[in-house]
Amino acid sequence: MVPKAEFTSYYGRPILKPPVWEARDIAGYLFLGGLAGGSSLLAAGADLTGRQELSRAAKAGACAAITLSLAALVHDLGRPARFFNMMRVFKVTSPMSVGSWLLGGYAPAAGVAAATAFTGRLPRLGAVATGGAALLGPAVAAYTATLISDTAVPAWHDGYREMPFLFTGSAAMAAGGLGLLVAPADEAGPARNLALLGQITEMAAFERMTRRIGMVAEPYRTGRGGAYIKVGQVLGALGTTGAALSVTPAVPAGRARRIVAAVSGAALMGASVATRWGVFHAGMASARDPKYTVVPQRQRLSERAGVA
């Protein structure tokens, strides 16, 4: 019997050139943008329900996160002018072009919302800015998923259907975790619900994506990317369990409940960070290994030939 052939490329060299992005910049940019967008949505809900401490905390978190996200993006680009160059045109078929304009509209709105909340001045302008940031927030949280899925990197490109849901779920989990970490216990209900919804959404989207893309999902389970994903899953489970328990008689009211909520919030934020780093490193690993490019292509060609 002839043994099954192992796939190799020409001299074992990668077929794709992996992105030159640094994890600290781009994975951080992915996480911070999601945290900002989710926090703006949480802030608007807190305003509508009269939770002022939660609202201020979420607005401050959104402003800080989007500022750091832009700083990470500009650092990766090399100089600020390159960011503004991306805004010369608006091209709906380019995730990078659309994303640049989203950031250009969202960042000032988030900044004005935070400034008016802490100064108490110009409340009407603050309300408009809060609404604008909340309207753009989900798009800011999701567009980076479209951005990386629009590349040729197999683990990103093949997951294009579920990646936006994975990113928005992760963003909601991070924003809810921030609310649990910093808001008073009597105002943390919306943050808790958002975090739980986000964790469920992220988990469901990730499971569906990895099942659908088959062997291309291997980098999400192995290597550095797989390690980050596993850490994120553990932290997410611990965070959601603690958040759910923090409103039950199992945790005494008062200081103990506040501590459990804060620890749970930190775990949920850590889970979102680990997920973004896991997705980043899994994509890099899939670009370096030629089998994730060629084997799925051959499978698709065989399937089409069979249908024909």
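Here are some notes on the fold, three helix pairs and two residues worth a look.

1. First, the basics. This is a predicted model, so please read everything below with that in mind. The protein has 11 helices and 0 strands, and reading along the sequence gives α-α-α-α-α-α-α-α-α-α-α.

2. On overall dimensions, the C-alpha trace spans about 75 × 55 × 35 Å along the principal axes. The radius of gyration is 21 Å, which agrees with the value near 19 Å for a compact globule of 308 residues. Buried residues make up 47% of the 308 residues. If you take the contacts with a separation of 6 or more, 74% of them are between residues 24 or more positions apart.

3. Now α1 against α5. Helix α1 covers residues 23-48 and helix α5 residues 123-149; they pack at an angle of about 155°, with axes 8 Å apart. That angle is over 145 degrees, so α1 is roughly antiparallel to α5. The crossing of this pair is left-handed.

4. Who makes that contact? From α1 it is Tyr29, Leu30, Gly33, Gly34, Gly37, Ser40, Leu41, Ala44 and Asp47. From α5 it is Thr130, Ala133, Ala134, Gly137, Pro138, Val140, Ala141, Tyr143, Thr144 and Leu147. Sorted by character, the residues of the contact of α1 with α5 come out as 11 nonpolar, 7 polar and 1 charged.

5. Serine 40 deserves its own point. This residue lies in helix α1 and is one of the residues in the contact with α5. Is serine 40 buried or exposed? Its relative accessibility is 6%, so serine 40 counts as buried. Leaving aside residues up to four places away in sequence, serine 40 touches Ala62, Tyr106, Ala133 and Ala134. Of these, Ala133 and Ala134 are also listed on the α5 side of the contact of α1 with α5.

6. Helix α1 also packs on helix α7 (residues 163-182), here at an angle of about 65° and with axes 7 Å apart. That makes α1 roughly perpendicular to α7. This time α1 passes its partner in a right-handed crossing. On the α1 side the contact uses Leu30, Phe31, Gly34, Leu35, Gly38, Ser39 and Leu42, and on the α7 side Phe167, Ala171, Ala174, Ala175, Leu178 and Gly179. The split is 9 nonpolar, 4 polar and no charged. If you compare the two lists, Leu30 and Gly34 of α1 turn up in the contact with α5 and also in the contact with α7.

7. Further along the chain, have a look at helix α9 (residues 223-245) and helix α10 (residues 255-288). They pack at an angle of about 160°, with their axes 7 Å apart, and are therefore roughly antiparallel to each other. α9 passes α10 in a left-handed crossing. The residues of the contact of α9 with α10 divide into 13 nonpolar, 11 polar and 1 charged.

8. Last, proline 19, in the segment before α1. What does proline 19 touch, not counting residues up to four places away in sequence? The partners are Val153, Trp156 and Met284. Proline 19 and valine 153 are 134 residues apart in sequence, yet their C-alpha atoms are 8.4 Å apart in space. As for Met284, its number falls within the residues 255-288 of helix α10, so to speak a link back to point 7.

Note on methods. Residues numbered from 1 in each chain as written. Predicted model: local features only at pLDDT ≥ 70, side-chain atom pairs only at ≥ 80, totals over all residues. Heavy atoms only, no water. Axes fitted to C-alpha atoms, helices over the stretch in contact; angles between N-to-C directions. Helix = DSSP H or I, 4+ residues; strand = E, 2+ residues; numbered from the N terminus. Parallel < 35°, antiparallel > 145°, perpendicular 65-115°, else oblique. Left-handed = near helix turned anticlockwise from the far one by under 90°. Contact = heavy atoms within 4.5 Å. Nonpolar A, V, L, I, M, F, W, Y, C, P; charged D, E, K, R; others polar. Rg over C-alpha atoms; globule rule 2.2 N^0.38 Å. Buried < 20%, exposed > 50% of the residue type's maximum accessible area, 1.4 Å probe, protein only.
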